Amino acid sequence: MAQHLAPNMQVSNSPTPNMQIAPSVLPADFARLGEECIGLEQAGANRIHWDVMDGRFVPNLTFGPDIIAAIRPLVSLPFEAHLMTEEPHELAPRYVEAGCELLIVHAEACPHLHRTLGAIRDLGIDAGVALNPATPASAVAHVLDLCNLVLVMTVNPGWGGQRYIASMENKMADMKAMIAASSHNIELEVDGGIDNSTIGAAAQAGAEVFVAGSAVFNHAGGFQSAINQLRTTAATAVS
Ligand code: DX5
Ligand code: ZN
């Protein structure tokens, strides 16, 4: 299944999972979005996390496919689109055309999740499922064969800069066990309130891909210091 994954998204088979940092560009300076994404690539980010919001599934409204398409030629990093939208299956082809290698849909927005994931994979790219804090890991128990990634939300979606919900570490551990038992190559990602004080516990709970917006964009030392510090803290926590 991992054959679809872009180079940076290859799931490591090494005993210590490779800790990947996926900056969310929600806090970026939108007047300089291209420069910001180039800076993230130069700073060693593993992928760009696009928080796509439709003003319906969540109140906020953010990146349409044309914005992502405009940035695509500027960086070689993989793009993952976190579709916080109703009817993500309707939008999926446009975000693939825009250059996203991975689309993450919310289980809560997909009454036909199995069909939606199959449709995304039929577009030739990777598929992920995001779980809101109240949604149990069991929501994806019967679609793991269609997942390249599961995203455990550690905030309620819609905004950046929120407080990390530590109780989600139990769900991360449940998810990690389900993935291990499935024998599928599935990345476990977390998103929301990830910073140097929370990433260690998330890594110990089983997460290996970390979305960080505020922690990257608000770091006094800049992108590279922020990304290096996050990756080191996560790796140290599991070593
Ligand atoms: C929230 C988004 C998150 C958020 C992360 O709906 O999915 O990606 O922007 O931002 P921080 O890292 O600031 O919590
Ligand atoms: Zn996100």
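# Why the labels fit

Guide: By the distance rule, the count here comes to 0 disulfides, a disulfide being a pair of cysteine sulfur atoms within 2.5 Å. This is a predicted model, in which local features need pLDDT of at least 70 and side-chain atom pairs count only at pLDDT 80 or more, while totals for chains, interfaces and linings use all residues. Residues are numbered from 1 along each chain as its sequence is written, chains are lettered from A and ligands numbered from 1 in the order in which they are written, and side-chain values use heavy atoms, with hydrogens and water left out.

Visitor: How do you know that Cys100 has no bond to the closest cysteine sulfur?

Guide: The closest cysteine sulfur belongs to Cys37 and is 11 Å from that of Cys100, so the pair is too far apart for a bond. Cys110 is in no disulfide either, with the nearest cysteine sulfur, in Cys147, 11 Å away.

Visitor: And what makes Cys100 count as buried or exposed?

Guide: Buried means under 20% relative accessible area, exposed over 50%, and partly exposed in between (1.4 Å probe, protein chains only). Cys100 has 3%, so it goes down as buried. Cys110 has 8%, so it is buried too.

Visitor: Let's move to Arg47. What makes it buried or exposed?

Guide: Its relative accessible area is 0%, so Arg47 is buried. You'll find Arg47 in the loop between helix 1 (33-42) and strand 2 (48-53). Helices (H or I, at least four residues) and strands (E, at least two) are DSSP runs, numbered from the N terminus.

Visitor: Which side chains does the side chain of Arg47 make polar contacts with?

Guide: Those of Glu80, at 3.0 Å, and Glu187, at 2.8 Å. The term covers a pair of N or O atoms within 3.5 Å; within protein, one must be able to donate a hydrogen and the other to accept it, and residues adjacent in sequence count only if both atoms are side-chain atoms.

Visitor: Why is the Glu80 and Arg47 pair also called a salt bridge?

Guide: The label needs a side-chain nitrogen of Lys or Arg within 4 Å of a carboxyl oxygen of Asp or Glu. Glu80 and Arg47 meet at 3.0 Å, N to O. Glu80 sits in strand 3 and Arg47 in the loop between helix 1 and strand 2, so the pair ties together parts that are 33 residues apart in sequence. Glu80 has a relative accessible area of 0%, so it is buried.

Visitor: How many salt bridges does the structure hold?

Guide: 8 of them. Among them is Arg56 with Glu87, whose closest N and O atoms are 3.3 Å apart. That pair links distant parts of the chain, 31 residues apart: Arg56 is in the loop between strand 2 and helix 2, and Glu87 in the loop between strand 3 and helix 3.

Visitor: What makes Arg56 buried or exposed, and how does Glu87 count?

Guide: Arg56 reaches 53% relative accessibility, so it counts as exposed. Glu87 is at 36%, so it counts as partly exposed.

Visitor: Which residue forms a salt bridge with Glu208?

Guide: Lys176, with the closest N and O atoms 3.4 Å apart. This pair also links distant parts of the chain, with Glu208 in the loop between helix 6 (199-204) and strand 8 (209-212) and Lys176 in helix 5 (residues 168-182), 32 residues apart. Glu208 is buried at 6% relative accessibility, and Lys176 is partly exposed at 29%. Elsewhere, a network of salt bridges links Asp29, Arg32, Glu35 and Glu36.

Visitor: Now the sheet. In what order do the strands form it?

Guide: The order is 1-8-7-6-5-4-3-2, an open sheet of 8 strands with parallel pairing. Strand 1 (20-23) and strand 2 are the edge strands, each pairing on one side only. From one strand to the next, the twist averages 25°.

Visitor: How do you know that strand 5 and strand 6 pair?

Guide: Pairing takes at least two bridges found by DSSP between two strands. Strand 5 (residues 126-131) and strand 6 (residues 149-153) have 4, in the parallel sense. Ala130 stands opposite Leu151 in strand 6.

Visitor: And which residues of helix 1 are buried?

Guide: Leu33, Gly34, Glu36, Cys37, Gly39 and Leu40. Their cover includes strand 1, strand 2, helix 2 (65-71), helix 7 (214-217) and helix 8 (223-238), where contact means heavy atoms within 4.5 Å. After helix 1 comes Gly44, with a positive phi near 95°.

Conventions: Axes fitted to C-alpha atoms, helices over the stretch in contact; angles between N-to-C directions.
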